[in-house]
Amino acid sequence: MSKGQDNGTTILLGLKDYSVGEVVEREERIVVKTEVKGRMKCPHCGSGKLYGHGMCQPREILHTWSNGRRVYLELHRRRWKCRDCKRTFTEGRALVRSHSRLTRQAEAEALWAAQG
Ligand SMILES: [Zn+2]
């Protein structure tokens with residue numbers, strides 16, 4: 001990834017299934033408000049018959065680095081319940097593991113940096 005661009009396009013890389021709202025630039029970091037968009041499917045049984053089950057507390061999750069600054073996603077995630085198998089799940093699992101404070105992309109980049 002080019003380090004010369006500090007704009008929305010850079011930040012949005014890898015986020016095609018997510019809608020990005022306000023971008024807040026602070027001194028040493030950038031925070032991007034992010035929501036999952038589109039229809040979800042149940043990760044347990046694949047059913048599309050879901051209903052909303054509340055919101056998770058928004059969390060700031062490290063996503064990438066831009067010109068030496070950390071880019072965080074303020075991730076707003078909904079909880080869903082499946083009408084077919086009755087199990088609940090939280091959306092956005094393709095982006096971040098359940099209890100991680102880094103997105104999968106940030107985990108990969110951190111690994112690259114450690115090896116380089
Ligand atoms: Zn299900």
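A residue counts as buried if 20 or more other C-beta atoms lie within 10 Å of its own, as exposed if 12 or fewer do, and as partly exposed in between, with the C-beta atoms placed from the backbone. The model here is predicted, so local features need a pLDDT of at least 70 and side-chain atom pairs count only at pLDDT 80 or more, while totals for chains, interfaces and linings use all residues. Residues are numbered from 1 along each chain as its sequence is written. Strands are DSSP runs of E with at least two residues, and they are numbered from the N terminus.

Let's start with a small sheet. Strands of a sheet pair through backbone hydrogen bonds, either parallel or antiparallel. In this model, three strands line up in the order β3-β6-β7 to make an open sheet with antiparallel pairing; two strands are said to pair if DSSP finds at least two bridges between them. β3 (50-55) and β7 (88-90) sit at the edges with a single partner strand each, so one side of each has no neighbour in the sheet. From one strand to the next, the twist averages 30°, where axes are lines fitted to C-alpha atoms and angles run from 0 to 180 degrees between N-to-C directions.

Now for the pairings themselves. β3 and β6 are joined by four bridges in the antiparallel sense, and glycine 52 has tryptophan 80 of β6 as its bridge partner. On to β7: strand β6 (residues 78-82) is linked to β7 by three bridges, again antiparallel. Here arginine 79 is matched with threonine 90 of β7.

How many of the six residues of β3 are buried? The number is zero, so β3 lies largely in the open. Methionine 55, which belongs to β3, counts as exposed because it has 11 C-beta neighbours inside 10 Å. Leaving aside residues up to four places away in sequence, methionine 55 touches His76 and Arg78, a contact being C-beta atoms, placed from the backbone, within 7 Å. Methionine 55 and arginine 78 are 23 residues apart in sequence, yet their C-alpha atoms are 4.4 Å apart in space.

Then there's the buried part. The largest nonpolar core (buried Ala, Val, Leu, Ile, Met, Phe, Trp, Tyr and Cys residues joined through C-beta atoms within 7 Å) has 11 residues, including Tyr18, Ile30, Leu73 and Leu95. β2 (29-36) and β5 (69-76) are the elements that give two or more residues to this core, and β5 supplies the largest share, four residues. Tyrosine 18 touches Leu95 along with Thr34, Glu35, Val36 and Lys37, not counting residues up to four places away in sequence.

Notes
Contact = placed C-beta atoms within 7 Å.
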